[in-house]
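Student: Could you take me through one part of this model in detail, namely a helix and the way it sits against its neighbours? I would like a careful, connected account rather than a list.

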Amino acid sequence: MTTLISKFINKKYCYFRSKLSIREQIVYDCVLSGFISFKINIKIPNIETEKIQDIFQDVLLDNPIIFFVELASYRIVEGKYCNVVIPKYRFGEIQIKSTIHAIFNKIERFINSCRDLGELSKEEMIHNYLINNVAYDYDFKQSSFECVGPLLFGHGVCEGMSKAAKLLMDLLGIHSLIVIGKITKNIPNTNLHAWNIVKVDGNYSHLDVTFDITLIEWNIIRYDYFNLSDEEILLDHTIITKNIPKCSLSNSYYKINNLIINMQKDFNSYFQTHLSNGNKDVVFKLPNIKNFETAKNKVFNLTDNYLMSNYKDYINYQFSMNETQAVFHLHILDD
């Protein structure tokens, strides 16, 4: 069991471990080793009891393959030289082993297809793989909160989605971490939320795959939350997790792929480029929006004018809009 699980663990990608003191890292390593060895009693050096909970969470956030341990189900037995952590495991060893094998068999072809790509391309592939293969779980099944739900069963909530993304990034050599925070919109029935910070080509950015999954309309993948800066993500997220990297540079998908309409005079040329060859969908972002309602009405007017000027017959269309990120998706309806 230890050898199998250790294939999915690399301390190089354990961000929260790197922020601990030397003594706390020793405790972390003892807990991690105990988990992957499926120990019932895990001896750890004496440390303040209140810190064990935080280290416990750090281990699980850093190592999403450990889906079989319940966060709060443990007790501390105080001793003269050490304490004993007694975790509660969700499954038996045989079921854990078979589940890990099933996950690896499911993702092996995808992982191999990405190995020779650059970091940004790998990240985009991971983003798209999850969007194409995972549905948001409105029933909140237990597996949806771990990497198992998204990677094995095709369903997940934000916590499971961020864990799945981190596991894939670990396997492809990309530094990432899971961020806990709160949201203001888009995800139903919850206020707490989880997403990722990803280090790509030396820069840290926010990646929220869950939000992009919930934005899909007409089978078009959205990248509204792909590599955002702190300033951009804070438009509709708040951050609870402490000691995380600053994401000062926007490297958003729309920016790097020139999908931003900066000036009104550029509107027609943008549409002409992206609605050619019978394409029925165009996605774009507007920068520096102070009043979304005013911007939205202007976009509607410009769209009407463009379609009436460039199509012989009247064209029916719909918009899907992300107000906080000022992203518009225009879809031309079939006759």
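Tutor: What follows is a close look at helix α6 and its two partners, α8 and α5, with a short note on a loop residue at the end. Please keep in mind throughout that this is a predicted model.

Two packed helices are described by the angle between their axes and the distance between the axes. For α6, which spans residues 119–133, and α8, which spans residues 158–171, the angle is about 140 degrees and the axes lie 10 Å apart. Angles over 145 degrees count as roughly antiparallel, and α6 and α8 are therefore oblique to each other. The crossing in which α6 passes α8 is right-handed. On the α6 side the contact involves E123, I126, Y129 and L130, and these meet M161, A164, A165, L168 and M169 of α8. Sorted by class, this contact of α6 with α8 holds eight nonpolar residues and one charged residue, with no polar residue.

The partner helix α8 deserves a look of its own. Its 14 residues reach 20 Å from the first C-alpha to the last, close to the 20 Å expected at 1.5 Å a residue. Most of α8 is covered, since twelve of its 14 residues are buried. Among the buried residues of α8 are M161, A164, A165, L168 and M169, which are the residues that α8 brings to its contact with α6; K163, K166 and D170 of α8 are buried too. After α8 comes G173, with a positive phi near 80 degrees.

Turning to the other partner, the axes of α5 and α6 come within 10 Å and cross at roughly 150 degrees, and these two helices are therefore roughly antiparallel to each other. The crossing of α5 and α6 is right-handed. Here α5 contributes K106, I107, F110, S113 and C114, while α6 contributes K122, M125, I126 and Y129. The residues of this contact of α5 with α6 comprise six nonpolar, one polar and two charged. I126 and Y129 of α6 take part in the contact with α5 and also in the contact with α8.

Finally, R90 lies in the loop between β3 (82–85) and α5 (93–114). Its relative accessibility is 25%, so R90 counts as partly exposed. Apart from neighbours within four places in sequence, R90 contacts F67, F68, V69, E70, Q142 and E146. Between the C-alpha atoms of R90 and N132, which are 42 residues apart along the chain, the separation is 29 Å.

Technical notes:
Residues numbered from 1 in each chain as written. Predicted model: local features only at pLDDT ≥ 70, side-chain atom pairs only at ≥ 80, totals over all residues. Heavy atoms only, no water. Axes fitted to C-alpha atoms, helices over the stretch in contact; angles between N-to-C directions. Helix = DSSP H or I, 4+ residues; strand = E, 2+ residues; numbered from the N terminus. Parallel < 35°, antiparallel > 145°, perpendicular 65-115°, else oblique. Left-handed = near helix turned anticlockwise from the far one by under 90°. Contact = heavy atoms within 4.5 Å. Nonpolar A, V, L, I, M, F, W, Y, C, P; charged D, E, K, R; others polar. Expected span 1.5 Å × (residues − 1). Buried < 20%, exposed > 50% of the residue type's maximum accessible area, 1.4 Å probe, protein only.
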